[in-house]
Amino acid sequence: MKLSSYESTESLMYLFKSESGCGKTTAIGSFPEPIYIFSCDGRVAPLKNNPLTKDRNIEFDIYTDYSAIVRKLEELEKHCPYKTVAIDPLTGFARIVIGHLFNNRGISKKEDDKSPRSVGGIPIMGINEYNGESSAIASMLLSLRIIRNHGVNTILTTHVVTSEARQLDGRYITTRRLLTGGNKIAAEIPAYFDEVYHFYGKEPGLSDTTRYRAVTSNAGEDFARTSFYGLQQEIDFTGKLFYEELIHAIEASRIEKNSL
């Protein structure tokens, strides 16, 4: 395939990241229909309560069992009747994985390891649990890639955690990373995706309307990336369908590109 023929807004992998309540789930509901969502935290209210998405062709299952997620992913790898498939959110998926590891493997340790297996009856994660979580996430990402290859948009949402680090000169720098148990897999995840958008909202005064926006390229410590040349850095989808606004922005960037 020539590169000149490979420019499409469909069958891409999207990573939506932000703190809670910034419109990631609602954005999923704006994508081409039919839509299927792996709801890993049971939060579908944003879709049901939004007049823009409540009547769209959206199917979802609320998952608490990792094996059920794997079975559904394998089913969609073979045949996917949807135009959009999303896992929402990664944080919930990771918790389900950890629960699966606790229930089926326990917490492994070497015989000479004197560290406690639990504190106050609460299991403590060991290196095997972190490794298991990372492997499960990597396998899930590969499944999304296979599904994407069937001409499907695939989306993963995730939360970010903010931390501060003190440098040698005494200054503090603020960084954000994806919220998972393992730092290594958190750094690897964005590499799987064609589009990485950071969502954020601004809490207005009582008389204003809350604004929902997504940035498509780096903004301060908020990492983002797009494969579309000239795409505007910020997309405001307040009161609108995110996907429609994204397509408008992509079309505008193509017109500008062709005029050069």
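Start by selecting helix α4, residues 90–104, in this predicted model. Colour the buried positions and you'll pick up Leu90, Thr91, Gly92, Phe93, Ala94, Ile96, Val97, Ile98 and Leu101. While you're here, put a distance label on the two end C-alpha atoms of α4: they are 21 Å apart. Does that agree with what 15 residues should span, or disagree? It agrees, because 15 residues at 1.5 Å a residue should also give 21 Å.

Now step back one residue from the helix, to Pro89. You'll find Pro89 in the loop between β4 and α4. Show the backbone between Asp88 and Pro89, and look at the peptide bond: this one is cis, with omega at about -10°.

There's another cis bond to visit. Select Glu33 and Pro34; the peptide bond from Glu33 to Pro34 is cis, with omega near -5°. Pro34 belongs to the loop between α1 and β2.

Next, the inside of the protein. Show side chains for Phe38, Ile87, Phe93, Met140, Leu156 and Phe193, which are the residues with the most contacts inside the largest nonpolar core, a group of 34 residues. You already met Phe93 as one of the buried residues of α4. Which elements supply at least two residues each to this core? Select β1 (13–18), β2 (35–39), α3 (66–78), β4 (84–88), α4 and α5 (127–148) to see them. Helix α5 gives the most, with seven residues.

Stay on α5 for a moment and click on Arg148, which is found in that helix. Is Arg148 buried or exposed? Arg148 has a relative accessible area of 14%, so it counts as buried, the cut-off being under 20%. Then add Lys83 to the selection: Arg148 and Lys83 are 65 residues apart in sequence, yet their C-alpha atoms are 9.3 Å apart in space.

Time for the pocket. Turn on a surface or cavity display and look for the largest pocket, with a volume of about 480 Å³. To centre your view, select Gly23, Lys24, Thr26, Pro46 and Tyr212, the closest to its centre of the 27 residues that line the pocket. Helix α1 (residues 24–28) contributes the largest share of the lining, four residues. Colour the lining by class and you should see 10 nonpolar, 12 polar and five charged residues.

Now try Val44, in the loop between β2 and α2. With a relative accessibility of 8%, Val44 counts as buried. Add Phe60 and draw a C-alpha distance: Val44 and Phe60 are 16 residues apart along the chain and separated by 8.5 Å.

For a contrast, move to Pro51, which sits in the loop between α2 (45–48) and β3 (58–62). Pro51 is at 64% relative accessibility and therefore counts as exposed, since that is over 50%. Where does the chain come back towards this spot? Select Gly239: the C-alpha atoms of Pro51 and Gly239 are separated by 9.4 Å, although the two residues are 188 apart along the chain.

Another loop stop is Arg225, between β10 (211–215) and β11 (234–236). Arg225 has a relative accessible area of 27%, so it is partly exposed. Bring up Glu195 as well: the C-alpha atoms of Arg225 and Glu195 are 5.9 Å apart, with their positions 30 residues apart in sequence.

Finish with the cysteines. Select Cys22, which is buried at 9% relative accessibility, and Cys40, also buried, at 7%. How many disulfides are there in the model? With a cut-off of 2.5 Å between cysteine sulfur atoms, the count comes to zero.

Methods
Residues numbered from 1 in each chain as written. Predicted model: local features only at pLDDT ≥ 70, side-chain atom pairs only at ≥ 80, totals over all residues. Heavy atoms only, no water. Buried < 20%, exposed > 50% of the residue type's maximum accessible area, 1.4 Å probe, protein only. 1 Å grid on protein atoms, 1.4 Å probe; cavity = no way out; pocket = protein on both sides within 12 Å on 5 of 7 lines; lining within 4 Å. Points joined across faces, edges and corners; volume = space filled by probe spheres on them. Nonpolar A, V, L, I, M, F, W, Y, C, P; charged D, E, K, R; others polar. Expected span 1.5 Å × (residues − 1). Core = buried A, V, L, I, M, F, W, Y, C linked by side-chain atoms within 4.5 Å.
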